[in-house]
Amino acid sequence: MRILIINGPNLNLIGKREPEIYGKESMEDFLPRLQKRFPEVDLYYYQSNIEGKLIDKLQEVGFSFDGIILNAGAYTHTSIALSDCIKAITTPVIEVHISNINSREEYRRLSMIAPSCKGTIQGFGLDSYRLAIEALLK
């Protein structure tokens, strides 16, 4: 099984950025633990701060991978283009958020991509990614 984790803008700063919200552990430190926990899964990781590059990556793998875990960052709340792309591909996409976006600022509570995704997992810190992998495995 091949799963791609895609992180959007500013998520390259996980571990440094607002640790009270996003935690102190970086994705670079967390990913090896995920790979060890799921040896039967080929896990891939991609991060970009650019919306068009996220769309390009979704289109690149969206017909050949078994699952995509997408934390679109701030694009979650604004990107009709990402939503349209998710609808266009055949690979199931799970929306993930480290924080509970429903308990944050009002503008963060609307997800433009949620209706296009298979499901949403949020509020469990980096463990949200693990839960998404488990959901894709079922």
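Where in the chain does Pro92 lie? In this predicted model, Pro92 is found in the loop that runs between helix 4 and strand 4.

## Pro92 and its surroundings

With a relative accessible area of 28%, Pro92 counts as partly exposed, because the buried class ends at under 20% and the exposed class begins at over 50%. When neighbours within four places in sequence are left aside, the residues in contact with Pro92 are Asp66, Gly67, Ile68, Lys118 and Leu136. One of these, Gly67, belongs to the pairing of strand 1 with strand 3, where Gly67 stands opposite Ile3, and another, Leu136, is among the buried residues of helix 5.

A separation along the chain can also be set beside a separation in space: Pro92 and Tyr22 are 70 residues apart in sequence, and their C-alpha atoms are 25 Å apart.

## The parallel sheet

Five strands form an open sheet in the order 2-1-3-4-5, and their pairing is parallel. Strand 2 (42–47) and strand 5 (119–122) are the edge strands, each of which pairs on one side only. From one strand to the next, the twist averages 20°. As background, the strands of a sheet pair through backbone hydrogen bonds, in either a parallel or an antiparallel manner.

Two of the pairings can be followed in detail. Strand 1 (residues 2–7) runs parallel to strand 3 (residues 67–71), and five bridges join them. Strand 3 also runs parallel to strand 4, to which three bridges join it, and in this pairing Leu70 stands opposite Glu95.

## Strand 4

How many of the five residues of strand 4 are buried? Five of the five are, and the strand is accordingly described as mostly covered. Val93, Glu95 and His97 point one way from strand 4, whereas Ile94 and Val96 point the other way, and the residues of both groups are buried. The charged residue Glu95 is thus listed among the buried positions, and its partner across the pairing is Leu70.

## Helix 3 against helix 4

The axes of helix 3 (residues 51–61) and helix 4 (residues 80–88) come within 10 Å of each other and cross at roughly 5°. Angles under 35 degrees count as roughly parallel, and the two helices are therefore roughly parallel to each other. On the side of helix 3, the contact involves Glu51, Leu54, Ile55, Leu58 and Gln59, which meet Ala81, Leu82, Cys85 and Ile86 of helix 4. By class, the residues of this contact divide into seven nonpolar, one polar and one charged.

Helix 4 has two sides that can be told apart by their accessibility. Leu82, Ser83, Cys85 and Ile86 are its buried residues; viewed down the axis of helix 4, they fall within an arc of 160°, so they line one face of the helix. These buried residues pack against helix 3, strand 3 and strand 4 (93–97). On the other side of helix 4, Ile80, Lys87 and Ala88 are exposed.

## Helix 2 and helix 5

Which residues of helix 2 (residues 27–37) are buried? They are Met27, Phe30, Leu31 and Leu34, and they cover an arc of only 105° around the axis, which puts them on the same side of helix 2. In an α-helix there are 3.6 residues a turn, so residues three or four places apart point the same way. The cover over the buried residues of helix 2 includes strand 1, strand 2 and helix 5 (127–137).

In helix 5, the buried residues are Ser128, Tyr129, Arg130, Ala132, Ile133 and Leu136. They pack against strand 1, strand 2, strand 3, strand 4 and strand 5, and also against helix 2.

## Positive phi angles before helix 1

The loop between strand 1 and helix 1 (19–22) contains Asn10, and Glu18 lies in the loop between strand 1 and helix 1 as well. Asn10 has a positive phi of about 70° although it is not a glycine, and Glu18, also not a glycine, has a positive phi of about 35°.

Are these residues buried, exposed or partly exposed? Asn10 counts as partly exposed at 39% relative accessibility, and Glu18 is partly exposed with a relative accessible area of 32%.

Note on methods: Residues numbered from 1 in each chain as written. Predicted model: local features only at pLDDT ≥ 70, side-chain atom pairs only at ≥ 80, totals over all residues. Heavy atoms only, no water. Pairing = 2+ DSSP bridges. Helix = DSSP H or I, 4+ residues; strand = E, 2+ residues; numbered from the N terminus. Axes fitted to C-alpha atoms, helices over the stretch in contact; angles between N-to-C directions. Parallel < 35°, antiparallel > 145°, perpendicular 65-115°, else oblique. Contact = heavy atoms within 4.5 Å. Buried < 20%, exposed > 50% of the residue type's maximum accessible area, 1.4 Å probe, protein only. Arc of directions from axis to C-beta.
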